[in-house]
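This report describes selected features of one protein model. The account begins with a strand, proceeds to its sheet and an adjoining helix, and ends with the cysteines.

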Amino acid sequence: MLDYSDIKRLAARIGFDLCGMAPCRHLAEGEARFREWIARGYQSSLEYLERNTEKRFDPGKLVDGARTAVVCAVGYKNAVSDGYPDGHRTKVASYACAEDYHAVMRRMLRQLFEAVREASPEVRGRAFVDTAPLTEKLLAVEAGLGWIGRQSLLVTPQFGSFVVLGELILTEEADRYDAPFAGSRCGSCRACVESCPTGAVMPGRGIDTARCISCHTVERRPDTGIGLDGWIFGCDACQSCCPWNRRAPQHRNRAFDPLFDPRKMDAAAWQAMDEKQFGELCGRTPLTRSGLERIRGNIEVPCDESGNREDSGEKSR
């Protein structure tokens, strides 16, 4: 049997800011809401979301004999997270200014898994960092870490939504579990809805990815073009405005220190950069997912009042 207190202690020692534990079960209500969201076409160009839905909401279909989900989070808030000066046209989401969190969290989860196995050699399991069909935000709610905000992100009382998540799905039961987080603490606040430049935040705590700036700058672009409001990679518009994020502390884990400051870079700096310079500056960050050419193409695509591209000469790819 897994020792709840020991796992919490190990997670804190490794550098996780939050750690919660939940029994693995089929999250049927979440699956039903997700299937309805897919049926309405809100996944747009993200076709991969249509696959493996039955696995996404049942950890036992990803790890045979799954009994316990250990959900870990690290706060990444930095100086960029609170927003950019008015008129800045080359904005980068704050998480993307540091080393790619997938690599950081995988290293940390491997350390935690090895430590857990030292105490419980019989345990088997897998680590996940947004790389498999697993509903990590709902698992985080199950593990007591926070609630799903109107902008569809996990919001934690301690660190707001500026957190990245990773999970261990283990085959042993724990001696105790955290209670699921009850309710929402958004209240009547609609700051994230009102701050989205393209109206992508919908009722029901969902996102229309066809209108999501982050999707257009990072993922495969939907067919319908939108204005990017100065964002060249990702978007923090629905987060920087959140009262919970305003009061959240700066990141504590040095692995999430920014590697560059996009506030000090304008369009000319990005346009003058060659591939070698891009690699030296951003090679360890998530920006490599898009690459320099695509980032350049995102510069100076303004947003009109309806959220559409004013520059009709650029066709979404």
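Why is strand β1 (residues 18-23) largely enclosed by the rest of the structure? In this predicted model, five of the six residues of β1 are buried, so the strand is largely enclosed by its surroundings in the structure.

**The sheet**

Strand β1 belongs to an open sheet of four strands, arranged in the order β1-β2-β7-β4 with antiparallel pairing. The edges are formed by β1 and β4 (125-128); each has a single partner strand, so one side of each is left without a neighbour in the sheet. On average, neighbouring strands of this sheet are turned by 15° against each other, direction ignored. Two of the pairings are set out below, each with one of its bridged residue pairs.

| Strand pair | Sense | Bridges | A bridged residue pair |
|---|---|---|---|
| β1 (residues 18-23) and β2 (residues 68-75) | antiparallel | six | Met-21 and Val-70 of β2 |
| β2 and β7 (residues 163-170) | antiparallel | eight | Val-74 and Val-164 of β7 |

**Helices across the sheet**

Helix α1 (residues 4-14) lies across β1 and β2 and runs at about 150° to β1. Helix α4 (residues 101-119) lies across β2, β4 and β7, at about 35° to β7.

In α1, the residues Tyr-4, Asp-6, Ile-7, Leu-10, Ala-11 and Ile-14 are buried. They cover an arc of only 165° around the axis, and therefore lie on the same side of α1. The cover over these buried residues includes β1, β2 and α4. On the face of α1 turned away from its buried side are the exposed residues Ala-12 and Arg-13.

Both ends of α1 show a local feature of their own. At the start of the helix, a side-chain oxygen of Asp-3 comes to within 3.1 Å of the backbone nitrogen of Ser-5. Just after α1, Gly-15 adopts a positive phi of about 125°.

**Cysteines**

How many disulfides does the structure hold? The number is zero. Cys-97 is in no disulfide, and the nearest cysteine sulfur, that of Cys-282, lies 8.7 Å away. Cys-97 has a relative accessibility of 1% and therefore counts as buried. For Cys-235, the closest cysteine sulfur is in Cys-238, at 6.4 Å, which is too far for a bond, given that a disulfide requires the two sulfur atoms to be within 2.5 Å. Cys-235 also counts as buried, because its relative accessibility is 17% and the cut-off for burial is under 20%.

Conventions
Residues are numbered from 1 along each chain as its sequence is written. This is a predicted model: local features need pLDDT of at least 70, side-chain atom pairs count only at pLDDT 80 or more; totals for chains, interfaces and linings use all residues. Side-chain values use heavy atoms; hydrogens and water are left out. Buried means under 20% relative accessible area, exposed over 50%, partly exposed in between (1.4 Å probe, protein chains only). Helices (H or I, at least four residues) and strands (E, at least two) are DSSP runs, numbered from the N terminus. Two strands pair if DSSP finds at least two bridges between them. Axes are lines fitted to C-alpha atoms, for helices over the stretch in contact, and angles run from 0 to 180 degrees between N-to-C directions. Contact means heavy atoms within 4.5 Å. The arc is that of the directions from the helix axis to the C-beta atoms. A polar contact is a pair of N or O atoms within 3.5 Å; within protein, one must be able to donate a hydrogen and the other to accept it, and residues adjacent in sequence count only if both atoms are side-chain atoms.
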